[in-house]
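Trainee: I am new to this structure and would like a close look at a single part, the surroundings of the ligand. Could you walk me through that part and then through whatever connects to it?

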Amino acid sequence: MAQGLRLVLFGPPGAGKGTQAQLLRDSLKVTHISSGDLFRHHLGQGTELGLRAKEYMNKGELVPDEVTIDIILDKILSVSDEEGFILDGFPRNPHQAEELEKALNGKSRNIDKVVHIEVSEPELLRRLGGRYVCRACQAPHALGEGEDAASKKCDQCGGELYQRDDDGPEAVKKRIEVYNQETMPVLGFYRERGVLADIPGDNTVGQVNKQVMEALGA
Ligand code: AP5
């Protein structure tokens with residue numbers, strides 16, 4: 001039986017991980033696991049986990065490992081070897097990367113590829129300032145000139161669009177700082193394992209998608 005792809009999409013807030021993950025999920029037919037979407041889903045349901053995560057998310061900080069790791073690993077380990085997965089937002093520090101490796105080694109095999117999408121900070125700020133997310137399916141949208149979120153609906157499911165609380169200027173600044181300090185070291189972890197591919201993310205969505213596919217040899 002063929003083995004499904006095990007991919008990590010890596011990059012700073014606003015790099016386009018969610019956008020690319022949705023395209024890859026549809027073309028490669030693998031499961032998309034987004035830690036941020038999972039927390040936002042819980043928040044929308046008002047669960048204890050969602051309320052706990054919100055305290056950190058709205059400040060732009062990482063949700064503590066003891067809240068994050070087990071719940072994400074459970075999701076990952078529930079995906080069959082044949083199906084494969086794309087991780088978006090996890091792992092986000094070296095401890096999470098180590099725990100993921102241990103869990104996958106116990107199962108069968110490790111991550112096949114980590115695609116690092118590099119985007120300049122001014123472009124990240126521009127994108128996050130104009131991003132609207134679907135309340136139902138969480139698909140990210142960039143509003144075009146003259147469009148307003150109240151009259152526009154989600155391209156994918158017709159759901160209502162909203163701006164994330166952590167896309168305000170203070171939280172974005174903090175998220176980028178946390179990425180540089182706590183998340184970037186994960187790149188070294190995967191570079192050592194020979195699975196890292198760096199691609200420029202300042203191009204259009206279609207061009208970035210083409211480069212991701214090339215990095216995957218697809
Ligand atoms: P999370 O939801 O993972 O947010 P993030 O990593 O900050 O990433 P974003 O979702 O903001 O950006 P993206 O790269 O997906 O970009 P997108 O495709 O939307 O995490 C949120 C919070 O949850 C964290 O701060 C933390 O508190 C917590 N958390 C999550 N995971 C955790 C973990 N593992 N451990 C601890 N805490 C955790 O694109 C952005 C915009 O740009 C969109 O409008 C899009 O349309 C547009 N766009 C995309 N690509 C392009 C392009 N090529 N050209 C032009 N526009 C583009």
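Mentor: Helix 2 gives the largest share of the shell around the ligand, with four residues. Keep in mind as you look that this is a predicted model. Helix 2 spans 35-45, and it is one of several elements that each supply at least two residues of the shell. The others are helix 1 (17-28), helix 6 (121-129), strand 6 (140-142) and helix 9 (205-215).

Now the residues themselves. There are 34 residues around the ligand, and those that come nearest are Thr19, Glu61, Arg92, Arg131 and Arg175. Sorted by character, the shell holds 13 nonpolar residues, twelve polar ones and nine charged ones.

Three side chains are worth finding on your screen. In the side chain of Thr19, an N or O atom sits 2.6 Å from an oxygen atom of the ligand. The side chain of Arg40 likewise has an N or O atom 2.9 Å from a ligand oxygen. With Gln96, the partner on the ligand is a nitrogen atom, and a polar side-chain atom of Gln96 lies 3.0 Å from that nitrogen. As for how covered the ligand is, it would expose 1000 Å² taken alone, and the protein buries 94% of that.

Two of the nearest residues, Arg131 and Arg175, lead us on to the salt bridges. Both arginines belong to a network of salt bridges that also links Arg164, Asp166 and Asp167. Across the structure, the count comes to 20 salt bridges.

Let us pick out a few individual pairs. Arg193 and Glu101 form a salt bridge whose closest N and O atoms are 2.6 Å apart. This pair links distant parts of the chain, since the two residues are 92 residues apart. Arg193 is in the loop between helix 8 (185-192) and strand 8 (196-200), while Glu101 belongs to helix 5, residues 94-107. Arg193 counts as partly exposed because its relative accessibility is 37%.

Helix 6, which you met as a supplier of shell residues, holds a pair of its own. Glu123 and Arg127 both lie in helix 6, four residues apart, or about one turn of the helix. Their closest N and O atoms are 2.8 Å apart, forming a salt bridge. Glu123, at 17% relative accessibility, counts as buried, whereas Arg127, at 22%, counts as partly exposed.

Another pair joins Lys152 to Asp155, with the closest N and O atoms of this salt bridge 3.4 Å apart. Here Lys152 is buried, with a relative accessible area of 18%, while Asp155 counts as exposed at 60% relative accessibility.

One last stop is the cysteines. A disulfide is a covalent bond between the sulfur atoms of two cysteines. This structure holds zero disulfides. Why is there no such bond at Cys134? The closest cysteine sulfur, in Cys157, is 3.6 Å from the sulfur of Cys134, so the two are too far apart for a bond; the cut-off used is within 2.5 Å. Seen from the other side, Cys157 also has Cys134 as its closest cysteine sulfur. Cys134 is buried, with a relative accessible area of 1%, but Cys157 is partly exposed, at 42%.

Notes. Residues are numbered from 1 along each chain as its sequence is written. This is a predicted model: local features need pLDDT of at least 70, side-chain atom pairs count only at pLDDT 80 or more; totals for chains, interfaces and linings use all residues. Side-chain values use heavy atoms; hydrogens and water are left out. A residue is near a molecule or strand if one of its heavy atoms lies within 4 Å of it. A polar contact is a pair of N or O atoms within 3.5 Å; within protein, one must be able to donate a hydrogen and the other to accept it, and residues adjacent in sequence count only if both atoms are side-chain atoms. Accessible areas come from the Shrake-Rupley method with a 1.4 Å probe; for residues, only the protein chains shown count as cover. Ala, Val, Leu, Ile, Met, Phe, Trp, Tyr, Cys and Pro count as nonpolar, Asp, Glu, Lys and Arg as charged, and the others, Gly among them, as polar. A salt bridge is a side-chain nitrogen of Lys or Arg within 4 Å of a carboxyl oxygen of Asp or Glu. Buried means under 20% relative accessible area, exposed over 50%, partly exposed in between (1.4 Å probe, protein chains only).
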